[in-house]
Amino acid sequence: PRQSLWLGARTGWWIPFGDLWGTCDGGNYGCDTTSFSAAAASGPMLELDVGARHGRNYNVYVLWERAELGKGEGLYDDEDQRYAETDYVAVGVRLSADPDDVGMVLDLAVGARRFVAKYEGGNRLQLTDAPLESRLGVGADIRLSRTFTLSPMLTLGLGAFAFHYAKGPCYR
């Protein structure tokens with residue numbers, strides 16, 4: 001149909017990348033740069049989408065993405081990490097080249113991300129203040145029936161956020 005309700009779910013594998021750095025010692029600049037993988041390792045991801053189809057080829061939707069991540073390589077040597085997780089809430093638009101059969105799909109979302117890592121000593125590493133994280137996805141749109149489409153896709157997210165720990169604010 002030209003217009004309809006659109007519901008979606010997606011599973012995937014979340015891979016952290018980038019660096020952490022900032023003013024980590026009471027305002028002194030020049031903290032050592034460390035990889036984001038020191039704070040978290042890859043892990044499974046689940047996404048839920050709700051939206052509407054407009055003009056057959058376009059979907060506008062809201063999404064919630066949740067990833068349960070593995071332990072990092074050791075951001076803080078004196079404490080063992082218990083868990084790490086991230087949530088992403090966004091508004092997205094999706095373009096399907098051929099909504100009736102098989103075609104390319106392009107997906108763009110903009111939203112906010114939160115990251116939390118919990119340590120044995122009770123400390124938390126919390127990365128927030130990421131209101132404009134964006135995500136670009138490219139893949140295939142495979143129509144299996146009138147009500148079901150399979151869309152294998154590769155996505156790349158880009159963003160930056162501040163975090164707070166016992167030693168002060170730092171940035172990714």
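A residue counts as buried when its relative accessible area is under 20%. Ser96 comes out at 5%, so this serine is buried. That value, like everything below, comes from a predicted model.

Ser96 belongs to strand 7. Its side chain pairs up with the side chain of Asp141 in a polar contact of 2.5 Å. Leaving aside residues up to four places away in sequence, Ser96 touches Asn57, Met104, Val105 and Asp141.

Zooming out, the fold is an all-strand affair, with 14 strands and 0 helices. Walking along the sequence simply gives β-β-β-β-β-β-β-β-β-β-β-β-β-β. Of the contacts with a separation of 6 or more, 62% link residues 24 or more positions apart. The protein has 172 residues, and 38% of them are buried. Its accessible surface adds up to about 9500 Å², with carbon and sulfur atoms holding 59% of that.

Back on strand 7, which spans residues 81–96, there is also Glu85. Is this glutamate buried or exposed? At a relative accessible area of 12%, Glu85 falls under the 20% cut-off and is therefore buried. The side chain of Glu85 makes a polar contact with the side chain of Arg114, at 3.3 Å. Arg114 also turns up among the residues that Glu85 touches, not counting those up to four places away in sequence. The rest of that list is Arg66, Ala67, Glu68, Leu69, Phe115 and Val116.

Two of these neighbours, Leu69 and Phe115, reappear in the nonpolar interior. Together with Leu125, they touch the most other members of the largest nonpolar core, which has 13 residues. Which strands supply at least two residues each to this core? They are strand 6 (58–71), strand 8 (102–119) and strand 9 (124–128). Strand 8 provides the largest share, at 3 residues. A further core of 6 residues lies apart from this one, and Trp6, Tyr61, Ala90 and Ala109 are among its members. As a general backdrop, nonpolar side chains tend to be buried together in soluble globular proteins.

Trp6 also has a part in the largest pocket, as one of the residues nearest the centre, along with Leu7, Gly8, Arg94 and Thr149. The lining counts 32 residues in total, and the pocket holds about 640 Å³ of space. Where does the lining come from? Strand 1 (4–14), strand 5, strand 6, strand 7, strand 10 (133–145) and strand 11 (148–150) each put in at least two residues. Strand 1 gives the most, with 8 residues.

Strand 6, a contributor to both the largest core and the pocket lining, also carries Val62. With 46% relative accessibility, Val62 is partly exposed, because that value sits between the 20% and 50% cut-offs. Val62 and Val91 are 29 residues apart in sequence, yet their C-alpha atoms are 4.4 Å apart in space. Val91 is one of the residues that Val62 touches, again not counting residues up to four places away in sequence. The others are Leu48, Asp49, Val50 and Ala90, and Ala90 is a member of the 6-residue core mentioned above.

Strand 5 covers residues 43–54 and includes His54. The histidine is partly exposed, with a relative accessible area of 39%. Which residues does His54 touch, not counting those up to four places away in sequence? They are Arg2, Gln3 and Val60. Leu5 is 49 residues from His54 along the chain, and the two C-alpha atoms are separated by 9.4 Å.

Between strand 5 and strand 6 runs a loop, and Arg56 sits in it. The backbone does something worth a look here: phi of Arg56 is near 65°, a positive value in a residue other than glycine. At 25% relative accessibility, Arg56 counts as partly exposed. With the buried cut-off set at under 20%, that value is not low enough for Arg56 to be called buried.

Technical notes. Residues are numbered from 1 along each chain as its sequence is written. This is a predicted model: local features need pLDDT of at least 70, side-chain atom pairs count only at pLDDT 80 or more; totals for chains, interfaces and linings use all residues. Side-chain values use heavy atoms; hydrogens and water are left out. Helices (H or I, at least four residues) and strands (E, at least two) are DSSP runs, numbered from the N terminus. Buried means under 20% relative accessible area, exposed over 50%, partly exposed in between (1.4 Å probe, protein chains only). Contact means heavy atoms within 4.5 Å. Accessible areas come from the Shrake-Rupley method with a 1.4 Å probe; for residues, only the protein chains shown count as cover. A polar contact is a pair of N or O atoms within 3.5 Å; within protein, one must be able to donate a hydrogen and the other to accept it, and residues adjacent in sequence count only if both atoms are side-chain atoms. A nonpolar core is a set of buried Ala, Val, Leu, Ile, Met, Phe, Trp, Tyr and Cys residues joined through side-chain atoms within 4.5 Å. On a 1 Å grid over the protein atoms alone, a cavity is a set of points where a 1.4 Å probe fits but cannot get out, and a pocket is an open set with protein on both sides within 12 Å along at least five of seven lines; lining residues have an atom within 4 Å of a point. Grid points are joined across faces, edges and corners, and a volume is the space filled by probe spheres set on the points.
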